[in-house]
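Please open the model in your viewer, with the cartoon and the residue labels within reach. The stops below say what to select next and what is to be found there.

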Amino acid sequence: MTALVFEQTLNGLQLGVMLFLMAAGLTLVLGIMNIVNLAHGSLYMVGAYLTVAAFRWTGSYLLGVALGLAGTLVVGMIVEIVVLRALYARDHLDQVLATFGLILFFNELVAIIWGRAALFASGPSWLAGHIELFTGSRYPLYRAAIIVVGLVVAVLLWYVVTRTRLGMLIRAGASNRTMVAALGVNIRLLYTLVFGFAAALAGLAGLMAGPIYNVQPGMGELILIQVFVVIVIGGIGSVRGALVGAIIVGIVDTLGRAFLKPLLGTLISPPAAESAGPALASMLIYLLMAAVLAFRPQGLFPARGG
Amino acid sequence: MKRLIGWVVGVALLIAVPPLMLALGQPFYVDLVRRIMILAIAAVSLNLILGYGGMVSFGHAAYIGIGAYAVGVLGFYGVFSGWLHFLVAIAASAVVALAIGAVSIRTSGVYFIMITLAFTQMLYYLGISVAEFGGDDGMRLKRRSAFPLLDLNDPVQFYYLVLALMLVAVYLTYRIVNSRFGMVLRATRSNEARSRAIGFSPYPYRLVAFVIAGAMCGLAGALYGNHTNYITPGLMSWQQSGDIMFMVILGGMASTAGPVLGAFVLLLLEDLLSGWTEHWQVILGPLLVLSVIFFRRGLAGIFYKPDA
């Protein structure tokens, strides 16, 4: 039992870091550029597909990952230049609708190129095994690697945003765009870079998700809604909030799906738990969000205004 | 006066659809226009909170689902009274809207968009996980809602019922918006600080509008369930919410005719494109993007200046 709880907690952590990679990009774009980007899930999907295609083409996993990331970065920058630039001055409603249109486009484009059926994505052979954490507890090496990559990216992101010149410009652009532009910074280019960077983070989450979940059109929207929950819980514009929110949501969701049914079975009759368990488990993170909002409408780590 | 003429011509055209299409041997179009008018009711209800109230709800499909499930679940337990179906659909939607609204309206801006979306997604997953009512696959209605003197299995009678209810929804919304309540609602949208300063706290007004919109959309859901004769959680999907939202924006926010116009244009366009290619969304997506960028006041803006 302990081993199972431990394993499920690690699974929760693994989902959490993937949610974080998505949420960090989305919250940066939202906090800095003030853009609601529903198509963030599409970039996740694009990352997954490009990596699968590049892996098959080159035969090398690392090369596939590099090409997938670069491709997603480029796609993200193109989206920013072609569509989002026209929307900076608009309200959130217009941004929601335009990026909704982008989702339809990307899902269908992927279906045209690769078909509607799920693609089989494999991880590299050198991550195929298990690791033994303690006696009797084996954990898939691939999932462990995701956790490590996610945490490394989190540290890098913190370093870039708080300790480098680029991060300083990003923070300055978030608090006063006009002033930064007046000081001679090319804010347009900065925005394009930030968006491309956020796209690459989403692509990274997508390509790592490939071997675990299905690579298929619409895969991005499944995770996107969970990412919204993460951002609402963590507070918009806050990378720290995104990290905490993502880990909480990842663990609560995973443990809920694994243990809510047996747990309910001890309280109410097992047949009732059989039907109530999964229903409650799938609603758990939304109930959590409602609870957080009831006490802190601005999320756990509200960022400064703007 | 010009608007009145527009309405008379429009309604006359809609009344003429069934005899005309049946004479031409195209009953499919009676079904299509009926579906469009049902979703137009949903769009009209969303316009009340989105257009006039300034609340960007990205979860309006929830009430379509609740209304449809009210019909399906009551039928599942052998209750077929149409009055009861519609009453439960409206009441259940109002209650859910009250619960969702009470939490969501405490927030604003992006939070509001994401929260309404998340709550609808929650209901969507609830629909998927309740195996008794078909789960992911959905369930077929045992029978359509039964009314005295009216047979919903007759496509033409059903068509005229939907047309009448759509006109009622439009008129009701028009009356609400131009009442004292509606003026306060519009004031809270155009300047929240000022409406507070003259003594109107926005929260209760927004919440009541949210509940009215939910109830009205629940009616559309009950009609939609009867229309498709089949109920799936997909009715509550976020794409459905996005579609309804697009109808409102495309037609013109805060205008009486806008949502109806938007519903017709969007769904006829979908029908046209999907008859043309299986991959019609790859065309529709960019069209939506372009319409947002270049078409700021919606279709109604071409004909007249939107109210408010």
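Begin by selecting strands β1 and β2 of chain A, residues 130–134 and 137–140 (strands are DSSP runs of E of at least two residues, helices are runs of H or I of at least four, and both are numbered from the N terminus), which pair in the antiparallel sense over 4 bridges; two strands count as paired if DSSP finds at least two bridges between them. This is a predicted model, in which local features need pLDDT of at least 70 and side-chain atom pairs count only at pLDDT 80 or more, while totals for chains, interfaces and linings use all residues. Residues are numbered from 1 along each chain as its sequence is written, and chains are lettered from A and ligands numbered from 1 in the order in which they are written.

Within this pair, show the side chains of A:His130, which stands opposite A:Pro140 in β2(A), and of A:Ile131, which stands opposite A:Tyr139 in β2(A). The hairpin has 2 residues between its strands, and A:Gly136 takes a positive phi near 85° there. How many of the 5 residues of β1(A) are buried? The count is 0, and the strand is hardly covered, where buried stands for 20 or more other C-beta atoms within 10 Å of a residue's own, exposed for 12 or fewer and partly exposed for anything in between, with C-beta atoms placed from the backbone.

Now widen the selection to the whole of chain A, whose secondary structure comes to 11 helices and 2 strands, in the order α-α-α-α-β-β-α-α-α-α-α-α-α from the N terminus on. Its C-alpha trace spans about 65 × 50 × 35 Å along the principal axes. The radius of gyration of chain A is 20 Å, which agrees with the value near 19 Å that a compact globule of 306 residues would have; the radius is taken over C-alpha atoms, and the globule rule is 2.2 Å times the number of residues to the power 0.38. Of the 306 residues, 48% count as buried.

Next, centre on A:Asn34, in the loop between α1 (2–33) and α2 (40–58) of chain A. Most residues other than glycine have a negative phi. A:Asn34, although not a glycine, has a positive phi of about 60°. Is A:Asn34 buried or exposed? A:Asn34 is buried, with 20 other C-beta atoms within 10 Å.

For a counterpart in chain B, go to B:Leu149, in the loop between β1 (139–140) and α6 (155–177) of that chain, where phi is near 70°, again a positive value in a residue other than glycine. B:Leu149 counts as exposed, with 5 C-beta neighbours inside 10 Å.

With both chains displayed, turn to the interface, where 38 residues of chain A are in contact with 36 residues of chain B; contact means that the C-beta atoms of two residues, placed from the backbone, lie within 7 Å. On the side of chain A, the elements that give two or more residues are α4 (92–114), α9 (219–234) and α11 (270–295), and the largest share, 16 residues, comes from α4(A).

Then hide chain A and look at chain B, which has 13 helices and 2 strands. Its radius of gyration of 19 Å is close to the 19 Å of the globule rule for 308 residues, so chain B is as compact as a globular protein of that length. Its C-alpha atoms fill a box of roughly 55 × 45 × 40 Å along the principal axes, and 51% of its residues count as buried.

The last stop is helix α9 of chain B, residues 202–228, together with helix α7, residues 180–190: their axes come within 10 Å and cross at roughly 115° (axes are lines fitted to C-alpha atoms, for helices over the stretch in contact, and angles run from 0 to 180 degrees between N-to-C directions). That makes α7(B) roughly perpendicular to α9(B), a word that covers 65 to 115 degrees. Among the residues that meet here are B:Phe181 and B:Leu185 in α7(B) and B:Tyr205 and B:Ala209 in α9(B).

Finally, add helix α4 of chain B, residues 82–104, whose axis comes within 7 Å of that of α9(B) and crosses it at roughly 145°. The contact includes B:Ala89, B:Ser93 and B:Gly101 of α4(B) and B:Gly214, B:Gly218 and B:Gly221 of α9(B).

Note on methods. Parallel < 35°, antiparallel > 145°, perpendicular 65-115°, else oblique.
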